Each structure stands twice: as structure tokens, then as C-alpha cells.
Amino acid sequence: MLTPQDELLCHQLPTTFDHVAQSDLRWTERIVLYGFDTSGKVNVMTGMARYPNRNVVDAYVMVTIDNKQAHVARFSRQLDSGSDSLTSWKVGPFTYEIVEPLRKVRGTLDDNEHGIRMHLDFDGEFEAYEQEPAFFRSRGRVREDARRFYQNGLVSGWLEIDGERIDIDPEKWWFGRDHSWGTRHGGGGGSLPEGTGLQPTEVPDGVLYYMGIFEFDDELVHFAQRETADGQRWHFEGHILPRIDSGAPVLPIIDVEHELTFRDDFRIISGGTFTVIGADRARREFAVTPVTNYWPGIAGYDDYRGYASGVWKGESWSDGFVADLTDTEDLQQVSMLSGTLCRIESEGKVGYGLVEMVFFGRNARYGYQGH
């Protein structure tokens, strides 16, 4: 089926843009925008995902207030029933628009029945940069084959919750985005059922995944690592980027060490340090102080309140609710993946950033025996 994107001179397969190269039901293309008021009062996570082999596209907006309540609106529609343009995509009242490629994007949520509205304009202050390729197999099947790019910048606009408007001051907010595509594993559609009769997935006895994106006035520090229960690294990436158009080179990161503390109720950080070793062999320590958290599982990265991203909900569907973030038992359903927005200190400089984490099972480094 022809789509508006087929006008572009960028085909890489002898087929139309409504197809991808494989039929794996987990194949996903996803965009995410996330950030916070550096006082910690408000944070927002929003985005959309396309599942071409499920004929589904869905979107969400999640606004967290005072670490106590998450206001959520979620939307889904049949993928081939839309009238998307070359540079924008709609799911119900949600619109994602590319204003200037790799520089400026926009996310909006217009009037709807769920009491949330939004207008976000994102302008990149650092170059968009690629994730290292992630390709892993398990028991003969592709577990993950995905790519991603990230970008940090300024955000302007507003949020509205039940008629109360929150104006965004670009100078007081930290904001980033990412865009991923490929066969996923884990939250956000990667764990959706693919049918019966499959051998059970291998489950390791422990995993620690963490990603840091730390922004300062003159640089952006990004790293991500996946470790086994005994600390063996099995995926790594890292860069230190200058501000956009500065002409300064990107410095690769070759290793990261961590000395972290964790909350009693969840395995998410309560503080600690990351030590980054650059390709120049210089060591830099980054002290991390959590400011606020968000829980992607509530928005659809996990099965929560009868919905998960990628699940067929009909030609057009939406829901909305307020999640009580003080209800620890309820949050246990979605605690696998967490985002902690932080204050960062390093060598006399103060910045802000994100620590994303998946941490479960045994871990020799921090003394966990399981769970």
C-alpha cells in the first residue's frame, strides 16, 4: 500500500514504506520525548510507536506531578487507516511532527476526554548521535536487532492538567529525545506474545542495565552498559559530545565504573557516582542526586490497566487515568524499567540528566541474591 512516505527518495527495499524487511511481530519504530522541571515538581514523558507487522500505531502522554501522581492518556489506532503526511503522524488527538530533521520536532496533544493537553517544541542543542548496534540471539532466535539515536536540547511550550496550565520555561527544564527502530526485546512492545508453542525465553539470573545522559553548559555525556549478575559487560556505548555546530570533536568513552546506592522499595538509584574513562584515558567522576522519577510501564511499556504498547485495541481506542505513585504495590507491576531525572556534579560543574535502569535478579557487586 502506498503511503505519503513513498514520495521520499530513500527506499531501501523493493516494496512500499508500509513494509519492513521481516515479519517479526516485535518489530517496532518508536519516538520518545522526556524531560523535567529541574525543581523536580513536574516531569513529562511522551511518544508514539509504529508496529507495521501488527498494523498498530499508538501514542501516550504521561505527566508526573510531585512524584505522587502520574496523569496519563494513551491512544491507539489501526496503522493503515491514518492519513499521515510526509513529516507528521497522528494518533487520535496526538501529533508528532518533524519541523527540521535532526534539529527540531514537535509533540502536541489537542482537546480530548482525558483532561490532558500538551504542546512541546524541541530544539536540539547537541547533535543527534547514534547508539551502538544492538544484535543478540537466544536459542536460535533474534532476541534484539535494533538501532537508536538520541538528542538533547531546549523545550518550550506548555502542559495542561484538568484545566490547569503549566508553562514551560526552557531555561529551567532539561529535555531529551530518542528514536529507535528494529526488533525489540523487553518493555515497549518487545515482550508482546508471539503465539503458542515457542520454547520459553532464556531468563538470566541477574541483569544490570543503566544509561546516563548528563548535560552541562558545554558538553553532553552519554553512556550505557549491560552487565551480567557477576559484572561481565555484554553491551556498551559512550560519547562526550560538544554543543551543536561548535566544531569540536566527539570524545569516545571506553569504560564506566559505578558506585551506587539504591532505594529500599525499588532497585532504582538513591545516589552515588559514575566514573567515566574517555578515549584520552582521563577519568571523570559524576555525582548523581535524584530529583524525580518516571515509570514508562504506566504509559504502555508494560501491561498495565489492560493495555500494553503494540496490543491491538481496534480501529481507534484511548484511555486516561491518574496513577498513585505512592502505591508501592501497584508500582511493582511496572518497576522493571525506571527513569530517574537527576542533578549531576562533576569537577565543580553542575548539570542535569537522566539515569535509566533495568536491575533485577542476583547481583554480586551490590549483594542482591535474587528478585
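Two strands count as paired if DSSP finds at least two bridges between them. With that in hand, here is a tour of this predicted model, starting with its barrel.

**The barrel**

Eight strands close into a barrel, and going round it the order is E14-E15-E16-E17-E18-E19-E21-E22. Neighbours in this ring pair in the antiparallel sense. From one strand to the next, the twist averages 30°.

One link in that ring is the pairing of E16 with E17. Strand E16 covers residues 233-242 and strand E17 covers residues 251-262, and two antiparallel bridges join them. That meets the cut-off of at least two bridges. On the E17 side, Pro-252 is the bridge partner of His-239.

**Two cavities**

How many cavities of 30 Å³ or more does a search of the whole structure find? The search turns up two.

The largest cavity holds about 50 Å³ of space. Its lining brings together Gln-131, Tyr-150 and Tyr-209 with Ala-224, Gln-225, Arg-226, His-235 and Glu-237. Two of the barrel strands have a part in this: E15 (219-228) and E16 each supply at least two lining residues. E15 gives the largest share, with three residues. Chemically it's a mix: three nonpolar residues, three polar and two charged.

The second largest cavity has about 40 Å³ of space. Around it sit Arg-30, Asp-58, Ala-59, Tyr-60, Ala-299, Gly-300, Tyr-301, Tyr-307 and Ser-309. Here strand E3 (56-65) and helix H1 (296-301) are the elements to look at, as each supplies at least two residues of the lining. By class, this lining splits into five nonpolar, two polar and two charged residues.

**Glu-237, a charged residue on the inside**

Glu-237 ties the barrel and the largest cavity together. Its place is in strand E16, and it is one of the residues that line the largest cavity. Is Glu-237 buried or exposed? It counts as buried, because its relative accessible area is 3% and the cut-off for buried is under 20%.

Leaving aside neighbours within four places in sequence, Glu-237 is in contact with Gln-131, Glu-132, Tyr-150, His-222, Phe-223 and Ala-224. Among these partners, Gln-131, Tyr-150 and Ala-224 also belong to the lining of the largest cavity. Gln-151 is another matter: the C-alpha atoms of Glu-237 and Gln-151 are separated by 15 Å, and the two residues are 86 apart along the chain.

**Glu-160 in E11**

Another glutamate worth a look is Glu-160, which lies in strand E11 (residues 141-161). At 15% relative accessibility, Glu-160 is buried too. With its neighbours within four places in sequence set aside, Glu-160 touches Gly-115, Ile-116, Arg-117 and Arg-165.

**Hairpins from E5 to E7**

Away from the cavities, E5, E6 and E7 follow one another through two hairpins. Strand E5 (residues 88-91) runs antiparallel to strand E6 (residues 94-100), and four bridges join them. Val-91 stands opposite Phe-94 of E6. Two residues lie between the strands of this hairpin, and one of its features is Gly-92, with a positive phi near 60°.

E6 then pairs with strand E7 (residues 104-109), again in the antiparallel sense, over six bridges. Phe-94 turns up here as well, standing opposite Leu-109 in E7. This second hairpin has three residues between its strands, and there Leu-102 takes a positive phi near 60°.

**Positive phi between E3 and E4**

Which loop holds Asp-66? Asp-66 sits in the loop between E3 and strand E4 (69-78), and the loop between E3 and E4 is also the place of Asn-67. Both have a positive phi although neither is glycine. The values are set out below.

| Residue | Phi | Relative accessibility |
|---|---|---|
| Asp-66 | near 55° | 37%, partly exposed |
| Asn-67 | near 60° | 29%, partly exposed |

The E3 side of this loop leads back to a cavity, since E3 supplies at least two residues to the lining of the second largest cavity.

Notes. Residues numbered from 1 in each chain as written. Predicted model: local features only at pLDDT ≥ 70, side-chain atom pairs only at ≥ 80, totals over all residues. Heavy atoms only, no water. Axes fitted to C-alpha atoms, helices over the stretch in contact; angles between N-to-C directions. 1 Å grid on protein atoms, 1.4 Å probe; cavity = no way out; pocket = protein on both sides within 12 Å on 5 of 7 lines; lining within 4 Å. Points joined across faces, edges and corners; volume = space filled by probe spheres on them. Nonpolar A, V, L, I, M, F, W, Y, C, P; charged D, E, K, R; others polar. Buried < 20%, exposed > 50% of the residue type's maximum accessible area, 1.4 Å probe, protein only. Contact = heavy atoms within 4.5 Å.
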